[in-house]
Amino acid sequence: MAQLSLSILSADFSALGETLKTAEAGGVDFIHMDVMDGRFVPNISFGPAVIGSLAGKTGLPFDVHLMVEEPGDAIERYVTANTEYVVVHCEACRHLDRVLRSIKSLGVKCGVALNPATHPAVLDYVLDYVDQILVMSVNPGFGGQSFIRGVLDKIKMYDAMRTEMDLRYKISVDGGVNLENLPDVVGAGADMLVVGSAALNSPDPLASLRSFREVADACTK
Ligand code: DX5
Ligand code: ZN
């Protein structure tokens, strides 16, 4: 069953508690926390203090997406009672293997994100132990961007490799996912879909999330 991970980047930051309730009622599986440092990406969002304040306020697990330079220095700050995944960018880590193993040593699952122009082969030497591959379908830094359809081939490639090599990483797709392209994304092999502005900027976010749930369930292999 394709899982939904709601990005709160497009939420009203003065009412994040309400966003969590909408996410729960809408049937999402994860809360996607987009951490941005203004260096790796040209935007600053929120950090450990906000994530810490949301921990314990929902039963939903957190899928923390670190868009920060050299994230290895502060991984433990993102590990909360709700944190299930900590995802770092391969482009932001001088020593990716060391960072991924340090995430696992903290008892949470590790993920690695790759930007649209990054070649999938960069992950060859971590595929056998990484828990999540986050395929960026926009250039990171902002919500509300358009889906880059060229990444569908990358998703298909990782799905095929997973089968061929009997690996178990989850394939997540992040950026510009909407109800129209969702079937293509799931059909390419994605297991997890990050949804942000398409739901939260709609007139009725709860109804929109329920539609995402329905469409995701309908098109899951
Ligand atoms: C972009 C973030 C995404 C984004 C998704 O850098 O990583 O998670 O917030 O939002 P939408 O769905 O609006 O593209
Ligand atoms: Zn993200």
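## Exercises on a predicted model

Ser-137 is buried, with a relative accessible area of 0%. The exercises below concern a predicted model, and each is followed by a solution in steps.

### Exercise 1. The surroundings of Ser-137

Find where Ser-137 is located, and determine which backbone oxygen its side chain reaches.

Solution. Begin with the position in the chain: Ser-137 belongs to the loop between S6 and H4. Next, consider its accessibility, which at 0% falls in the buried class, because buried means under 20% relative accessible area. Finally, follow the side chain of Ser-137, which comes to 2.7 Å from the backbone oxygen of Gly-175.

### Exercise 2. The zinc site

Which residues coordinate the zinc ion (ligand 2), and what geometry does the site have?

Solution. First, list the donor residues: His-32 through NE2, Asp-34 through OD, His-65 through ND1 and Asp-174 through OD coordinate the zinc ion (ligand 2), at 2.1 to 2.2 Å. Second, look at the angles, which run from 73 to 176° among the six donor atoms, and the site is octahedral. For comparison, ideal angles for six octahedral donors are 90 or 180 degrees. Third, place the donor residues along the chain, where their spacing reads H-x1-D-x30-H-x108-D. Asp-34 is part of strand S2 (residues 30–36) and Asp-174 is part of strand S7 (residues 170–174), so this pair ties together parts that are 140 residues apart in sequence. As a last step, check the accessibility of these two residues: Asp-34 and Asp-174 are both buried.

### Exercise 3. The surroundings of ligand 1

Which of the 20 residues around ligand 1 come nearest, and how much of the accessible area of ligand 1 does the protein cover?

Solution. Start with the neighbours: among the 20 residues around ligand 1, those that come nearest are Asp-34, Gly-141, Asp-174, Gly-176 and Ser-197. Then turn to the polar contacts with oxygen atoms of ligand 1. An N or O atom in the side chain of Asp-174 is 2.6 Å from an oxygen atom of ligand 1, a backbone N or O atom of Gly-144 lies 2.8 Å from an oxygen atom of ligand 1, and a polar side-chain atom of His-32 lies 3.3 Å from one. To finish, consider the cover: on its own, ligand 1 has 380 Å² of accessible area, and the protein covers 100% of this.

### Exercise 4. Salt bridges of two arginines

How many salt bridges does the structure hold, and which residue is the partner of Arg-149? Which salt bridges does Arg-162 form with Asp-159 and Asp-191, and where do these partners lie?

Solution. As background, side chains of opposite charge can pair when their charged atoms come close. The structure holds nine salt bridges. In one of them Arg-149 is paired with Asp-184, with the closest N and O atoms 2.8 Å apart. Since Arg-149 lies in the loop between strand S6 (132–136) and helix H4 (151–164), and Asp-184 in helix H5 (residues 182–187), the pair ties together parts that are 35 residues apart in sequence. Arg-149 is partly exposed at 46% relative accessibility, and Asp-184 is partly exposed at 36%.

Now take Arg-162, whose side chain meets that of Asp-159 in a salt bridge at 2.8 Å, N to O. Both residues lie in helix H4, three residues apart, about one turn of the helix. The side chain of Arg-162 also meets that of Asp-191 in a salt bridge, at 2.5 Å, N to O. Here the pair links distant parts of the chain, for Asp-191 lies in the loop between H5 and strand S8 (192–195), 29 residues from Arg-162 in helix H4. Arg-162 is buried at 12% relative accessibility, whereas Asp-191 is partly exposed at 22%.

How values were computed: Residues are numbered from 1 along each chain as its sequence is written. Chains are lettered from A and ligands numbered from 1 in the order in which they are written. This is a predicted model: local features need pLDDT of at least 70, side-chain atom pairs count only at pLDDT 80 or more; totals for chains, interfaces and linings use all residues. Side-chain values use heavy atoms; hydrogens and water are left out. Donors are N, O and S atoms within 2.8 Å of the metal (3.2 Å for Na, K and Ca); water is not among the atoms, so sites may look incomplete. Four donors count as tetrahedral if all angles lie between 85 and 135 degrees; four count as square planar and six as octahedral if opposite donors are over 155 degrees apart and all others between 65 and 115; anything else is irregular. Helices (H or I, at least four residues) and strands (E, at least two) are DSSP runs, numbered from the N terminus. Buried means under 20% relative accessible area, exposed over 50%, partly exposed in between (1.4 Å probe, protein chains only). A residue is near a molecule or strand if one of its heavy atoms lies within 4 Å of it. A polar contact is a pair of N or O atoms within 3.5 Å; within protein, one must be able to donate a hydrogen and the other to accept it, and residues adjacent in sequence count only if both atoms are side-chain atoms. Accessible areas come from the Shrake-Rupley method with a 1.4 Å probe; for residues, only the protein chains shown count as cover. A salt bridge is a side-chain nitrogen of Lys or Arg within 4 Å of a carboxyl oxygen of Asp or Glu.
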